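User: I've got this model open and want to check how some of its labels were earned. Can you walk me through them?

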Amino acid sequence: MNNTFRYIALCMLIVFSGCEKYLEQTPDQRATLNTTEKIAELLATAYPKGDYITFAESISDNAADKGGGTVDPLNQGPYQFADVQSKEEGSPDFYWNSCYSAIAAANEALHALSRLPEQEASANLRGEALVARAYAHFMLVTFFSKVYDPATASTDPGIPYVTEPETVVTARYQRKTVQYVYDMIEKDLLEGLPLIKDSFYKIPKFHFNTLAANAFACRFYLFKHDYARAVTHANVAFPDQTIKSYLRPWNTTYAAYTYYELQAAYTRSSENANLLLVETPSTWGRSFAGYRYGLNTATLSQVLGINNPVGTALAYQVYGGTELVYNIPKFYEHFVREDANAQIGDPYNMVPVLTSEEVLFNKAEASVELGNYADAVDLINIFLSTRIEDYDPGSDALTAAKALSFYKTADIKTALIQTILNFKRGEFMHEGLRWFDMLRHDIPVSHNVLGTTTPIILGPNDPRRVFQIPQEATQAGIERNPR
C-alpha cells in the first residue's frame with residue numbers, strides 16, 4: 001500500500017488576538033508575521049495542546065479494574081487494549097491532531113523567521129521552534145510507531161516528519177521509517193538547542209527553556225539507546241548534583257499542604273521541578289480518580305507502599321480512602337467559561353510534560369547502562385532524601401546490596417534498573433510516563449477484568465502496543481498500524 005497520505009489540517013491555531021483555521025490563512029495574510037514579537041506569539045501554539053495522559057495511563061500497568069466508577073471509552077478502550085472510539089480530548093486521535101497543529105505553528109514560525117534579518121531574538125525563536133518541532137514529532141513516533149529498536153528502526157514504519165508550512169488545503173507526506181524520524185528529531189534538536197536563551201522569555205516554564213530542552217534531549221537519547229549523550233544532557237541541565245534543589249519537596253513543604261494546596265502547587269510555574277508546562281484542554285484532572293480503570297488497592301500497596309528495595313514508604317499523599325477514588329492531587333482544573341455569564345465552558349489542565357525528577361531517573365538509568373552503578377545509586381539517594389519522611393541516610397539509603405536482595409538477583413545491572421523503574425513508576429502515578437518505560441523495556445501488561453477468569457495480556461510484541469492512526473489520515477491514504 002502507498003506509504004504516503006494527504007495530511008488534512010484539522011486543528012486550530014491561536015494566531016495573535018483570535019482563533020483562525022490554519023489553512024484558511026492565505027500566504028499574503030501570513031506575511032503579517034513580520035516581527036519577532038508576532039512570531040513569538042505564534043510559537044506559543046507550537047506545543048501539543050492535547051491530553052496523552054488519559055490513554056497512556058489507562059493502557060499501562062498502573063490501571064486495574066476497580067469494579068465500579070465511571071465507564072468512559074477514553075479510559076476503557078486503552079485498558080482493554082482496544083482502539084479508542086472517540087476523538088475527544090484524551091483520545092489518541094485528538095493528541096495526533098494537536099501534535100500536527102503544533103508542528104504547523106513551528107513550521108510557519110521558521111518560515112517567517114527566514115525572511116527576517118538574523119539577530120539574537122530571532123535566533124532564540126528559531127531554536128525554540130526547532131526543538132518544539134522535534135518534541136511534537138517525538139511524541140507522535142512514540143505513540144503511533146513501534147518503539148525505537150536499532151535492529152529494526154530502519155524498516156519499522158514511522159510517522160510523517162513535516163518541515164514545511166502548509167500552502168494548500170491538502171498535501172502529501174511520506175511516512176518513512178522510525179529511524180528517519182529519529183534522525184530528523186536529532187537534527188532539529190541539535191540545531192535548535194544551542195540557540196535558546198532563557199532571557200527572552202517572560203515565563204520560561206511555558207517555553208523550551210534551556211533546562212527543558214536538555215531534559216527533552218536526555219529523554220530522547222535514552223529512547224535512542226545513546227546513554228552517554230543522555231547523561232551529557234542531564235549534566236548540562238543540572239551540573240554537580242544541583243538537581244536536589246529542583247526536586248519536589250514531598251517530605252517537607254508538600255507534607256504540610258492540604259489537598260487543594262497540593263493540587264494547586266503541583267503544576268505551578270514557580271515549582272522548581274516543573275521544567276516545561278503545557279496548557280491542555282482535558283477533563284483528566286476531574287475524572288481520573290473516579291474512572292473504573294485506575295489505581296486500586298493492590299497497585300497502591302505494590303507501588304506506593306513499603307514494597308521497594310529500601311523497605312520504606314515514600315511521602316506521597318494519597319487521598320480517597322477507597323480504591324474507587326484513590327488519587328494523588330496533581331491537577332488543578334482551570335475552567336474557561338464561554339463568556340462572563342455562561343455556565344458552560346472548557347476545562348483545562350496544566351501538564352508538567354518535562355520535570356527534574358524525570359531527568360534524575362533518566363540519568364540514573366543511563367548511568368547503569370554505562371556501568372556507572374555508584375553514580376546511579378547516588379542519584380536515587382538524592383531522590384529518596386526528598387521522598388522519605390525524616391530521611392536517615394544511615395538506614396534509609398539505597399545500596400547495591402539492598403537492590404540485589406530485594407530483586408533476588410546476582411546481576412547488579414538488573415537490580416538497579418528495576419529499582420529505578422519501581423521508584424519512577426510511583427513518582428509519575430497519574431501522569432502517563434509509566435507507559436514510556438513499559439515501551440522501552442518491553443514490559444508486558446496484564447489487565448484484570450472483573451467477572452472473567454482470564455486477564456487480558458499485552459505482550460512485548462503485541463501490535464496493539466502501537467496506537468492506531470486516526471481514521472481521517474487512513475482515509476486519505478496512510479496504511480493503518482497492524483492489529
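User: How do you know that the span of helix α16 agrees with what 16 residues should give?

Analyst: First, the ground rules: this is a predicted model, where local features need pLDDT of at least 70, side-chain atom pairs count only at pLDDT 80 or more, and totals for chains, interfaces and linings use all residues. Residues are numbered from 1 along each chain as its sequence is written, and side-chain values use heavy atoms, with hydrogens and water left out. Helices are DSSP runs of H or I with at least four residues, numbered from the N terminus. The expected span is 1.5 Å times one less than the number of residues, so α16 (residues 412-427) should cover 22 Å, and its end C-alpha atoms are 22 Å apart.

User: What makes Asn327 buried or exposed?

Analyst: Buried means under 20% relative accessible area, exposed over 50%, and partly exposed in between (1.4 Å probe, protein chains only). Asn327 has 6%, so it is buried.

User: And why is Lys197 called partly exposed?

Analyst: Because its relative accessibility is 37%. Lys197 sits in the loop between α7 (178-192) and α8 (210-223).

User: What makes Arg248 count as sitting over the ring of Tyr266?

Analyst: The rule wants NZ of Lys or CZ of Arg within 6 Å of the ring centre and within 35 degrees of the ring normal. The charged end of Arg248 is 3.7 Å from the centre of the Tyr266 ring. Arg440 sits over Phe223 too, at 5.6 Å from the ring centre.

Key. Helix = DSSP H or I, 4+ residues; strand = E, 2+ residues; numbered from the N terminus.
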